[in-house]
Amino acid sequence: MSTIDPVSAAYEAVHPIAVPGELSRPHAVTKAASRDFKGQKADDYGAIRSKGTDTFQVRIHPASTERALRLVDTLAKACHERGFEFCEGKAGSRYSAHLSVKVDGGVFSPSIDERMRRVPYRMTEAELARQSKGQYVYTPNRAYQPTGEFTLKLDGGYGSGVQSLWKDSRHQKVETRLNDVMISLRALAAYRLEGARKAEERQARYDIIQQARADC
């Protein structure tokens, strides 16, 4: 299991990350997300999504756009200030289509998702009026409402023992956990480096054994 780097933790302790109440001088990552959201029609689950390879993966209700953009902006600026690199996604890729963050050689993909609540579908006044006139009106069995509950996740943390998922709760929003996200990024990178070092050692031992067998 990876341990938290005390140097990283100490740095974050004296460099608190605060999400502002209004968007100001948006980062390029934020501009890309805003571009994707603009004019986008919600899908069958009531959500809009970021689509470009130059921004983080985000799935939210249209009503949550402002909050999501402020969160994306603060996250992107925090990564930039800490010297992390941004790696553009690969168009058409199933797992790496969006922007990722490179930390000490390790590449991780942040994502933001809003939970939707499934509810029975209620016909609109226009649909009811058409139905009253005997017209056929197709209506789905269910609809989806926004909850305002965000989840922030770092892909690539499975099995590391490092926290890589944060959810809104009654007492705490994901916006207040961005320093923890920075610490986890460093810890995940260290975990990857340690894994690579151990793999090299195993390979070296294997090569020695194979060479010894060849010499017999």
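# A guided tour from His61 to the nonpolar core

Begin by selecting His61, which, leaving aside its neighbours within four places in sequence, is in contact with Gly46, Glu114, Met116 and Pro146. Please keep in mind throughout that this is a predicted model. His61 is found in the loop between strand 2 and helix 3. Is His61 buried or exposed? Its relative accessibility is 19%, and because buried means under 20%, His61 counts as buried. Now display the side chain of His61 and follow it to Ala63: the side chain reaches the backbone nitrogen of Ala63 at 3.0 Å.

**The aromatic pairs**

Next, turn to the rings. How many aromatic pairs does the structure hold? There are two. For one of them, select Phe56 and Phe86: the ring centres are 6.3 Å apart and the planes meet at 50°, so this pair is tilted. Phe56 lies in the loop between strand 1 (48-49) and strand 2 (57-60), while Phe86 belongs to strand 3 (residues 85-87), so the pair ties together parts that are 30 residues apart in sequence. Colour the two residues by accessibility. Phe56 is buried, with a relative accessible area of 1%, whereas Phe86, at 26% relative accessibility, counts as partly exposed.

**A charge over a ring**

Select Arg67 and Phe150 together. Arg67 lies over the face of Phe150, at 3.9 Å from the ring centre.

**The largest nonpolar core**

Return to Phe56, and add Val58, Val181, Met182 and Leu185 to the selection. Of the 35 residues in the largest nonpolar core, these five touch the most other members. Which elements each supply at least two residues of this core? They are helix 2 (28-37), strand 2, helix 3 (65-81), strand 4 (100-103), strand 5 (106-120), strand 6 (142-155) and helix 5. Helix 3 provides the largest share, eight residues.

**Two core residues in detail**

Centre the view on Val181, found in helix 5 (residues 178-215). With 1% relative accessibility, Val181 counts as buried. Not counting residues up to four places away in sequence, Val181 touches Leu75, Leu152, Leu154 and Trp166. Now add Cys79 and draw a line between the two C-alpha atoms: Val181 and Cys79 are 102 residues apart in sequence and 9.8 Å apart in space.

Finally, select Leu185. With its neighbours within four places in sequence left aside, Leu185 is in contact with Cys79, Phe84, Val103, Phe108 and Leu154. Leu154 thus appears among the contacts of Val181 and among those of Leu185.

Key: Residues numbered from 1 in each chain as written. Predicted model: local features only at pLDDT ≥ 70, side-chain atom pairs only at ≥ 80, totals over all residues. Heavy atoms only, no water. Phe/Tyr/Trp six-rings, centres within 6.5 Å; stacked < 30°, edge-to-face > 60°. Helix = DSSP H or I, 4+ residues; strand = E, 2+ residues; numbered from the N terminus. Buried < 20%, exposed > 50% of the residue type's maximum accessible area, 1.4 Å probe, protein only. Lys NZ or Arg CZ within 6 Å of the ring centre and 35° of its normal. Contact = heavy atoms within 4.5 Å. Core = buried A, V, L, I, M, F, W, Y, C linked by side-chain atoms within 4.5 Å. Polar contact = N/O pair within 3.5 Å; in protein donor to acceptor, adjacent residues only side chain to side chain.
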